[in-house]
Amino acid sequence: GLSTTIAGVKFPGCFMNAAGALCVTRDELLALGRSKAGAIVTKSMTMEPRHGNPEPRYYGFPGGSINSMGLPNLGYRAYADLIPELKRCGKPVIASVAGLCEDDFPTIAEAINAAQPDLIEVNLSCPNIPGKPQIGYDAEASERLLKRVRRVITVPMGVKLPPYFDPAHHDAMGKVIGRCDVDFLNLINSVGNGLVVDPEREAVVIKPKGGFGGLGGTLIKPVALANVRAFYKIFQGRIPIIGTGGIVDGVDAFEHFLCGASAVQIGTVLVEEGLEVFGRLETELAALLEKKGYRAIEDCRGKLKEL
Ligand code: DHB
């Protein structure tokens, strides 16, 4: 079957939404609960509710997507209140915890932990204070923050990381993760600060930040696979990994599993196709595993061959 386990939590399916995709409002989260998604992942939350950036703030194109949403969300209190209802959907609930500054994270994490989601994802790769790099690109800040949130989180704690492009950065963040009692990793967040140009209009395609935004979809798949593989090797498979980035079909998911993922999250193609994408991906992956003679995800996980 396509069930999977992450940090001791059983998931009825290996496909779920990526944080940010169709998961801001109560209606969206309950719709994920009724869908074939294997879990419900919340939008990354802040202290106060936010409308987010001016529109257009998301743009899909054939190779992927670009967005600069600006953390539109209901605020952590609303998500804490919603978690019991979401859990009654009968699949794991993953709360994505963020913040506008370092001190916000432990406050939110403690209150959300009290609502008992099945897992918490700490988002170290969300848009931050202008002039400062995102926390995930600052190893010292990452370690400080993870040690603070770990103290208040009793459910399995995961870390969502940005993509890294140099093995020295994988090693440095691997050391941080290894010191912070992290139960799972989610790799990767969007490839930051790309720029998509519409040559016809001679203009950018999203309004915030002069058109700069996080890239997702097909075009980032090799970056995502590299990060899944790098961290799978650093931890010799002993920290479970959720693979996120560039999954459009069942073959893409299989590639993530070969690199070491135990489950996968869907962003761009969920926004583009809607909730029906989960049924399609399940059908495609099931057919591929059957054809290849794999009976479960764990039978192919990490088994990528090197030449
Ligand atoms: C947003 C984008 C991200 O990549 C992220 O991790 C969190 C929030 C946003 O713009 O809303």
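Two residues count as in contact here if their C-beta atoms, placed from the backbone, lie within 7 Å. Keep that cut-off in mind, because it decides what "covers" helix 7 when we get there. One more thing before you start clicking: this is a predicted model.

**The whole chain**

Start zoomed out, with the cartoon on. You should be able to pick out nine helices and 16 strands. Along its principal axes, the C-alpha trace spans about 50 × 50 × 40 Å. The radius of gyration is 18 Å, which agrees with the value near 19 Å that a compact globule of 307 residues would have. Colour by burial and 49% of the 307 residues will come up as buried. If you draw a contact map, look away from the diagonal: of the contacts with a separation of 6 or more, 72% are between residues 24 or more positions apart.

**Helix 7 and its cover**

Now select residues 250–259, which is helix 7. This helix is mostly covered, with eight of its 10 residues buried. Show side chains for Gly250, Asp252, Ala253, Phe254, Glu255, His256, Phe257 and Cys259, since those are the buried ones. What lies over them? The cover includes helix 6, strand 15 (241–244), strand 16 (263–266) and helix 9 (277–292). Just past the end of helix 7, stop at glycine 260, which takes a positive phi of about 130 degrees.

**Helix 6 against helix 7**

Add residues 221–234, helix 6, to the selection. The two axes come within 8 Å and cross at roughly 25 degrees. Angles under 35 degrees count as roughly parallel, so that is the label for helix 6 and helix 7. On the helix 6 side, the contact is made by Lys221, Leu225, Val228, Arg229 and Tyr232. Helix 7 brings Asp252, Glu255, His256 and Cys259. By class, the residues of this contact divide into four nonpolar, one polar and four charged.

Centre the view on arginine 229, in helix 6. Is arginine 229 buried or exposed? Arginine 229 is buried, with 22 other C-beta atoms within 10 Å. Setting aside neighbours within four places in sequence, its contacts are Cys259, Gly260 and Leu304. So glycine 260, with the positive phi, turns up again beside arginine 229. For a sense of scale, put a distance label from arginine 229 to isoleucine 206: 23 residues apart in sequence, they sit 32 Å apart, C-alpha to C-alpha.

**Around the ligand**

Jump to the ligand and select the residues around it. There are 14 of them, and Ser44, Met69, Leu71, Cys126 and Gly214 come nearest. Which classes make up this shell? Five are nonpolar, nine are polar, and none is charged.

Stay on leucine 71 for a moment. Leucine 71 is in the loop between strand 6 (64–67) and helix 2 (76–87), and its phi is near 55 degrees, a positive value in a residue other than glycine. Leucine 71 is also buried, with 20 other C-beta atoms within 10 Å.

Next, select lysine 43, in the loop between strand 4 and strand 5. Lysine 43 counts as buried, with 27 C-beta neighbours inside 10 Å. Leaving out neighbours within four places in sequence, lysine 43 is in contact with Ala19, Gly20, Cys23, Val24, Asn73 and Ser96. Then label the distance to glycine 158: 115 residues away along the chain, its C-alpha is 15 Å from that of lysine 43.

**Backbone oddities**

Last stop, with the backbone shown as sticks. Most residues other than glycine have a negative phi, and most peptide bonds are trans. These spots go the other way:

- Glutamate 55 and proline 56 are joined by a cis peptide bond, with omega about 0 degrees. Proline 56 is in the loop between strand 4 (40–41) and strand 5 (58–61).
- Leucine 187 and isoleucine 188 are also joined by a cis peptide bond, with omega about 10 degrees. Isoleucine 188 is in the loop between strand 10 (184–187) and strand 11 (191–195).
- Glutamine 116 has a positive phi near 60 degrees. Glutamine 116 is in the loop between helix 3 (104–114) and strand 8 (119–123), and is partly exposed, with 14 other C-beta atoms within 10 Å.

Conventions. Residues are numbered from 1 along each chain as its sequence is written. This is a predicted model: local features need pLDDT of at least 70, side-chain atom pairs count only at pLDDT 80 or more; totals for chains, interfaces and linings use all residues. A residue is near a molecule or strand if its C-beta atom, placed from the backbone, lies within 6 Å of it. Ala, Val, Leu, Ile, Met, Phe, Trp, Tyr, Cys and Pro count as nonpolar, Asp, Glu, Lys and Arg as charged, and the others, Gly among them, as polar. Axes are lines fitted to C-alpha atoms, for helices over the stretch in contact, and angles run from 0 to 180 degrees between N-to-C directions. Helices (H or I, at least four residues) and strands (E, at least two) are DSSP runs, numbered from the N terminus. Angles under 35 degrees count as roughly parallel, over 145 as roughly antiparallel, 65 to 115 as roughly perpendicular and the rest as oblique. The radius of gyration is taken over C-alpha atoms; the globule rule is 2.2 Å times the number of residues to the power 0.38. A residue is buried if 20 or more other C-beta atoms lie within 10 Å of its own, exposed if 12 or fewer, and partly exposed in between; C-beta atoms are placed from the backbone.
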